[in-house]
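Colleague: Please take a close look at one helix in this model and at the residue that follows it. Then set that part against the rest of the chain.

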Amino acid sequence: MCDVQPGPVENHRSRESGVLVYPVFSRRSKGLSVGINLFPDRKVCSFDCPYCEVFPFQRDAAFRLDLLETELRATLRRLKAGEFPVRDISFSGNGEPSLAPQFHEALEATARIRDQEASGAALVLITNGTGLLSDQTFDLLRRFAAGPERLSIWLKLDAGTGDWYARMNRSPVPFNALLDRIRELVRRAPVILQTMLCRINGEAPSAEEAAAWTALATELAGLNAAPGAGIQGVQIYGKARPAPEDPLAEALGPDYLEDRAQALQNALGRAIPVEVFV
Ligand code: SF4
């Protein structure tokens, strides 16, 4: 999952060079974010988004939990002496983090090291949500989001219809099965929705798709959620960086993104912020 911009510390392309920990300045974190990459050797994802920024690669670099812990601690200590506070530690990297065999252990270790070295930093999982179909992963995320780890779940929701989902995410995971699990999570944990808006094969989302997405996000926000759970915000973002399949996915104009955000904000009311990242 990708959320990064080149910055003075390092560039996000370091993910494909096999690193496990990569500090970047992030648009959506609004500052310094420390990325955790669980796939140093190749991209692993249950989606195949045409706008994905992770370029195909293959490296001889296996993930090691002890290495992650050492690198994360060293990075946080180094950044402590710097000019910018670490705003978050974010599981993103070369694919869907929840698919990593050691995801559970990595999340636990990262929360522990965050508490020791950068207690003010948020712990963020950027996910496409397909891990929620596993009961074990669902329970892990729910517990970490509601517990002292304060895991912030940033969940991809690119479409309101199955048709646009098929074009944007090209996943074998059925849209309705995914939505059922997302509804279940939203009832039990705080969630931030993230939506990419772009053209696919020259086509913008249809008016029907736009209306369906607004209705779906509004439905999720209106679910009867446990205290502290529910939709906390919606982030809309545009295609800002190259993707391996350019020009299949093309950027839409900022006005389009703002109009879609405004339509959703009107539907949601002011209590839930809708932000745009062009
Ligand atoms: S969810 Fe989509 S954008 Fe994110 S890593 Fe997978 S293919 Fe790329």
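Modeller: The answer below starts at the helix, moves to its exit, and then widens to the chain.

This is a predicted model, so local features need pLDDT of at least 70 and side-chain atom pairs count only at pLDDT 80 or more, while totals for chains, interfaces and linings use all residues. Numbering runs from 1 along each chain as its sequence is written, and side-chain values use heavy atoms, with hydrogens and water left out.

Start with helix H4, residues 162-169. Helices (H or I, at least four residues) and strands (E, at least two) are DSSP runs, numbered from the N terminus. The buried residues of H4 are Trp164, Tyr165, Met168 and Asn169. They fall within an arc of 105° seen down the helix axis, so they line one face of H4. The arc is that of the directions from the helix axis to the C-beta atoms. Buried means under 20% relative accessible area, exposed means over 50%, and partly exposed is in between (1.4 Å probe, protein chains only). A general point on spacing helps here. An α-helix has 3.6 residues a turn, so residues three or four places apart point the same way.

What does that face meet? The buried residues of H4 pack against strand S5 (151-156), helix H5, strand S6 (190-200) and helix H6 (207-221). Contact here means heavy atoms within 4.5 Å.

Asparagine 169 deserves its own look. It lies in H4. Its relative accessible area is 1%, so Asn169 is buried. Leaving aside residues up to four places away in sequence, asparagine 169 touches Phe47, Asp48, Cys49, Tyr51, Lys156 and Asp158.

Now the exit. Just after H4 comes arginine 170, with a positive phi of about 40°. This residue is not a glycine. Most residues other than glycine have a negative phi. Arginine 170 sits in the loop between H4 and helix H5 (175-188). Its relative accessible area is 30%, which makes Arg170 partly exposed.

Lysine 30 gives a second case of positive phi without glycine, at about 60°. It lies in the loop between strands S1 and S2. That hairpin has four residues between its strands. Lysine 30 is partly exposed, with a relative accessible area of 48%.

The hairpin strands come next. S1 (residues 21-26) has six of its six residues buried, so the strand is largely enclosed by the rest of the structure. Both faces are covered. Val21, Pro23 and Phe25 lie on one side, with Tyr22, Val24 and Ser26 on the other. S1 runs antiparallel to S2 (residues 31-36), joined by six bridges. Two strands pair if DSSP finds at least two bridges between them. Proline 23 has valine 34 of S2 as its bridge partner.

Another pair is parallel: four bridges join strand S3 (residues 86-91) to strand S4. Isoleucine 89 stands opposite leucine 123 in S4. Five of the six residues of S4 (residues 122-127) are buried, so the strand is mostly covered.

One backbone feature concerns omega. The peptide bond from aspartate 246 to proline 247 is cis, with omega near 5°. Proline 247 lies in the loop between strand S7 (230-238) and strand S8 (249-251). Most peptide bonds are trans.

Next, the core. The largest nonpolar core has 81 residues, and Phe91, Phe103, Leu107, Leu193 and Val234 touch the most other members. A nonpolar core is a set of buried Ala, Val, Leu, Ile, Met, Phe, Trp, Tyr and Cys residues joined through side-chain atoms within 4.5 Å. Valine 234 touches Leu193, Trp213, Leu264, Leu268, Pro273, Val274 and Glu275, again not counting residues up to four places away in sequence.

Finally, the whole chain. It has seven helices and nine strands. The radius of gyration is 18 Å, close to the 19 Å that the globule rule gives for 278 residues, so the chain is as compact as a globular protein of that length. That radius is taken over C-alpha atoms, and the rule is 2.2 Å times the number of residues to the power 0.38. The C-alpha trace spans about 50 × 45 × 35 Å along its principal axes. Of the 278 residues, 56% count as buried. Among contacts between residues at least 6 apart in sequence, 77% join residues at least 24 apart.
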